[in-house]
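Q: Could you take me on a close look at one part of this structure, the open sheet and the helices that pack on it? I am new to this, so please go step by step.

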Amino acid sequence: MTSPTPDSSLLGPADVRELAAALGVRPTKQRGQNFVIDANTVRRIVRTAQVHPDDVVVEVGPGLGSLTLALLEVADRVTAVEIDDVLAAALPATITARMPERADRFALVHSDAMHVTELPGPAPTALVANLPYNVAVPVLLHMLDTFPSIERTLVMVQAEVADRLAAPPGSKVYGVPSVKANWYAEVKRAGSIGRNVFWPAPNVDSGLVSLVRRAEPLKTTASRREVFAVVDAAFAQRRKTLRAALAGWAGSAAAAEAALVAAGVSPQARGESLTVEEFARIAEHKQNQPQEEESA
């Protein structure tokens with residue numbers, strides 16, 4: 001393993017390639033692996049995430065540890081969740097070798113992030129991650145839902161996914177990810193990342209998305225599951241009016257219209273024009289349905 005340079009313990013292009021070669025790791029498209037090889041980029045991500053010295057950061061998909069090391073420079077603690085057997089086995093040694101004075105502040109969870117329901121140590125206050133494009137949205141929503149202590153999130157995702165997450169109502173790319181992310185947080189684009197900071201270089205640009213958790217949960221008597229059911233139904237048939245698109249959800253087009261009118265939403269509107277608050281009001285007015293309790 002390459003020894004850390006005097007001015008930095010972070011991984012550069014040669015370090016990343018040497019580590020990968022030593023481990024026999026070849027980035028796979030199946031897991032959307034593109035390793036960051038630029039120290040300035042990971043430090044920029046940490047700054048943009050506004051990581052503080054008292055933060056407990058959870059990172060999903062740390063890979064070879066480029067971002068992990070940058071996070072450990074600043075945060076109080078970092079817990080990394082890694083699904084890959086080889087990468088998970090190697091990461092603690094990389095941390096110990098390059099940042100020994102912070103090794104006791106690092107924890108590894110070898111698991112699929114979609115199955116993680118608890119983390120070691122103090123509750124996380126921030127989520128910072130370079131998320132593979134193929135699982136970015138479900139992983140993000142799962143982590144926000146499972147760990148309500150996460151106040152700030154910064155994820156690096158494919159530019160198209162970043163645009164969708166941060167899209168406002170009325171935008172052409174506003175959809176299910178936009179609404180569901182807004183259930184938890186204020187969402188905005190926080191920058192763009194070029195292709196040359198990755199190995200291998202992807203065929204698409206990447207974007208940073210900032211999510212700051214709502215100070216107070218959305219005021220609604222409907223559960224998250226009930227609201228998300230309306231959202232899924234509304235966007236399953238984007239070109240249809242809500243009266244038609246929600247007919248299956250409500251039981252009939254007439255029942256959908258009744259719920260929409262009661263919620264103060266035009267039956268002729270389409271899902272891409274509604275805020276998450278409006279979706280919640282529609283969920284509240286679903287008729288003749290027993291209230292389903294949220295599963296744990």
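A: Here is a walk through the sheet, followed by its helices. Please keep in mind that this is a predicted model.

Let's begin with the sheet itself. Seven strands form an open sheet, and their order is β4-β3-β2-β5-β6-β9-β7. The pairing is mixed. At the edges you will find β4 (106-110) and β7 (185-193), each of which pairs on one side only. From one strand to the next, the twist averages 20 degrees.

Now look at the edge strand β4. Strand β3 (residues 77-82) runs parallel to β4, and five bridges join the two. To find one spot where they meet, pick Val81: its bridge partner in β4 is Val109. How does the chain get from β3 to β4? The chain crosses through helix α4 (residues 85-98), making a right-handed β-α-β crossover.

Next, move to β2 (residues 56-60) and β5 (residues 126-130). These two strands pair in the parallel sense, over two bridges. Here Val58 stands opposite Leu127 in β5.

Two helices that pack on the sheet come next. Helix α2 (residues 39-48) touches β5, β6 (152-158), β7 and β9 (206-213), and its direction makes about 160 degrees with that of β7. Helix α7 (residues 176-184) touches β7 and β9, and its direction makes about 120 degrees with that of β7.

Let's stay with α2 for a moment. Its buried residues are Thr41, Val42, Ile45 and Val46. Seen down the helix axis, the buried residues of α2 fall within an arc of 140 degrees, so they line one face of the helix. The face turned away from that buried side carries the exposed residues Asn40 and Arg47. Besides β5, β6, β7 and β9, the buried residues of α2 pack against β1 (35-36) and α3 (66-74). Just after α2 comes Gln50, with a positive phi of about 55 degrees.

Finally, have a look at helix α5 (residues 136-146). This helix is mostly covered, with eight of its eleven residues buried. The buried ones are Ala136, Val137, Val139, Leu140, Leu141, His142, Met143 and Leu144. What do they pack against? The buried residues of α5 pack against strands β2, β5, β6 and β9, and also against helices α6 (159-166) and α7.

Notes. Residues numbered from 1 in each chain as written. Predicted model: local features only at pLDDT ≥ 70, side-chain atom pairs only at ≥ 80, totals over all residues. Heavy atoms only, no water. Pairing = 2+ DSSP bridges. Helix = DSSP H or I, 4+ residues; strand = E, 2+ residues; numbered from the N terminus. Axes fitted to C-alpha atoms, helices over the stretch in contact; angles between N-to-C directions. Contact = heavy atoms within 4.5 Å. Right-handed = clockwise from strand over helix to strand, strands pointing away. Buried < 20%, exposed > 50% of the residue type's maximum accessible area, 1.4 Å probe, protein only. Arc of directions from axis to C-beta.
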